[in-house]
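Me: I should like to learn how to read the features of a structure that is new to me. May we go through them in turn?

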Amino acid sequence: MAVNFVRPIIPKLAKDPWAIQFDSQGHLKHLLTIEGLGPTWITRILDTAEGFMSVTDREIKKVPLLRGRTVVNLFFESSTRTRTTFELAAKRLSADVLNINLSTSATTKGESLLDTLRNIEAMQADMFVVRHDQSGAAHFIARHVAPHVSVLNAGDGWHAHPTQALLDAFTIRRIKGDFAPLRIAIVGDVRHSRVARSQIHAFNSLNVGELRVIGPRTLIPNDIEPLGVRVFHDMRTGLKDVDVIIMLRLQRERMESGLLPTEQEFYRLYGLTEEKLGWAKPDAIVMHPGPANRGVEIESRVADGPQSVILEQVSNGIGVRMAVMALCMSASTE
Amino acid sequence: MMQSMPDTPTLNPIDDLMTQIYRDLQHAIDQGQLTNPLMVGIHSGGVWIAEALHQRLNLSDPLGRLNITFYRDDFDTIGLHPQVAPSQLPVDIDGRDIILVDDVLYTGRTIRAALNELFDYGRPARIWLTVLYERDGRELPIAAQTVGQRLQLNPQQQIHVDGPTPLTARIVTREDTH
């Protein structure tokens with residue numbers, strides 16, 4: 001059950017497990033994890049996203065870049081927000097989009113994952129956007145798809161959610177500018193969070209001044225400090241002088257598994273209230289990957305307050321996903 | 001180094017060309033061929049030229065900038081340009097006369113992309129193409145209304161415009177560009 005936070009299952013598969021993300025020319029082909037991208041590719045994605053943001057301000061919110069391509073959203077785990085923004089991103093690039101919800105489809109009829117893949121490939125798909133509850137699922141698919149197909153990881157188990165981390169970095173850069181002077185705190189259930197894993201790798205690559213995680217001992221991985229993260233178990237000290245607060249979603253099953261006493265207890269200690277927000281810098285921004293549990297990890301007045309950028313994160317997600325799709329597809333045409 | 005061949009045409013001084021283009025455009029405005037035009041430059045060379053012309057023509061609306069990267073037809077072969085400065089059209093283009101500015105008119109594909117992008121912003125009344133250099137080699141039925149200099153070049157030759165200040169141009173043979 002326990003997943004090693006620093007090195008999850010996937011690296012055992014190959015000597016350079018992240019090399020699969022690039023084609024023979026060194027161009028980004030699949031986006032499976034933040035690891036291996038380095039500051040150059042991350043910055044390139046953010047810069048490209050900036051260009052796409054202007055498209056969403058126009059009357060016709062569409063460019064013809066991926067006309068004639070087919071993007072398939074393969075969701076083995078339900079998610080409205082992520083799937084919708086991937087769908088919108090693909091449509092704004094003029095691609096055709098197919099949404100396949102496999103949690104209720106073929107796999108429950110006993111069809112294997114590879115059979116499902118082959119069938120969708122036969123429909124001339126050019127890109128798979130994959131969400132799966134198993135860590136490493138997107139890697140597995142990337143290793144087995146036809147050579148012209150790109151794979152984007154839209155969240156796999158506890159492992160990675162790279163586009164979420166990229167849109168968070170993009171949102172921070174748009175508001176705060178340079179990463180070097182920033183203190184960023186990630187608060188809550190870091191242990192089970194693929195979002196937190198991807199964020200830590202992204203922020204480290206971008207040379208964020210100081211990266212903190214705040215949460216109860218049961219929800220912070222023991223092996224996290226080598227990643228260059230300062231661990232706090234107390235909000236008052238953890239939030240001091242912080243520029244960016246990222247609240248993570250608390251899964252209800254954590255209470256059931258005995259890692260936490262009650263929601264009320266968690267809220268009292270770690271829920272972001274207006275009072276606790278006052279411990280951070282006065283111009284600190286509040287982020288949340290959504291969907292937020294109001295009254296569990298965040299107070300409604302904070303989520304809807306002037307320091308919250310939660311809805312900007314959603315809008316920015318479209319531009320960032322357009323950038324990742326366009327960059328990966330421009331390699332897949334060789 | 002650039003290889004000078006005996007039949008290589010000479011580029012006229014840019015200052016002279018700019019003055020001539022300015023006069024032609026001012027004439028078109030005075031004659032009523034262009035009404036209260038909005039100037040739009042194509043990244044990057046076209047924007048440099050448009051900036052200079054915009055100032056001299058004393059146009060009322062701010063300059064627009066088009067980045068046609070998302071509209072190119074060679075995305076399949078060359079991919080996305082890493083630095084994509086976004087397009088900026090500061091005012092509504094519906095019903096407007098637009099002076100579209102680029103540095104070199106060659107195959108016409110850049111202008112095709114720019115026209116498509118403009119029509120995703122609105123429906124202009126007229127688009128008036130202005131280029132510093134027009135050379136042979138059109139692959140699409142596209143023509144410029146105001147031209148600084150017309151040249152005949154062989155297919156290996158290209159006109160490279162550098163800027164913004166100073167604005168310079170030179171003819172290079174393809175081997176030099178690698």
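Reply: The following turns take up overall form, a helix, a sheet, unusual backbone geometry and the contact between chains. The model is a predicted one.

Me: What radius of gyration does chain A have, and what would a compact globule have?

Reply: A compact globule of 334 residues would have a radius of gyration near 20 Å, and chain A agrees with this because its value is 19 Å. The C-alpha trace of chain A spans about 55 × 45 × 35 Å along its principal axes. Chain A holds 12 helices and nine strands, and buried residues make up 49% of its 334 residues.

Me: How should I read a helix, and which residues of α1(A) are buried?

Reply: Residues three or four places apart point the same way, because an α-helix has 3.6 residues a turn. Helix α1 of chain A covers residues 38-53. At 1.5 Å a residue, its 16 residues should span 22 Å, and the end C-alpha atoms are 23 Å apart, which agrees. The buried residues in α1(A) are A:Ile42, A:Ile45, A:Leu46, A:Thr48, A:Ala49, A:Glu50, A:Gly51 and A:Phe52.

Me: What is the order of the strands in the open sheet of chain A?

Reply: The four strands run in the order β2-β1-β3-β4, with parallel pairing. At the edges are β2 (96-101) and β4 (150-156) of chain A, each of which pairs on one side only. From one strand to the next, the twist averages 15°. Strand β3 (residues 127-132) of chain A pairs with β4(A) in the parallel sense over five bridges; A:Met127 has A:Ser150 as its bridge partner in β4(A).

Me: Where should I look for unusual backbone geometry?

Reply: Most residues other than glycine have a negative phi, and most peptide bonds are trans. A:Gln124, however, has a positive phi of about 65°. A:Gln124 is in the loop between α3 (113-121) and β3 of chain A, and counts as partly exposed because it has 13 C-beta neighbours inside 10 Å. The peptide bond from A:Gly290 to A:Pro291 is cis, with omega near -10°; A:Pro291 is found in the loop between β9 (285-287) and α11 (300-303) of chain A.

Me: How many residues of chain B are in contact with chain A?

Reply: 15 residues of chain B are in contact with 19 residues of chain A. The elements giving two or more residues to this side of chain B are α3 (75-78) and α4 (109-121) of chain B. By character, the residues on this side of chain B divide into eight nonpolar, five polar and two charged.

Notes:
Residues numbered from 1 in each chain as written. Chains lettered and ligands numbered in written order. Predicted model: local features only at pLDDT ≥ 70, side-chain atom pairs only at ≥ 80, totals over all residues. Contact = placed C-beta atoms within 7 Å. Nonpolar A, V, L, I, M, F, W, Y, C, P; charged D, E, K, R; others polar. Pairing = 2+ DSSP bridges. Axes fitted to C-alpha atoms, helices over the stretch in contact; angles between N-to-C directions. Rg over C-alpha atoms; globule rule 2.2 N^0.38 Å. Buried ≥ 20, exposed ≤ 12 C-beta atoms within 10 Å, placed from the backbone. Expected span 1.5 Å × (residues − 1).
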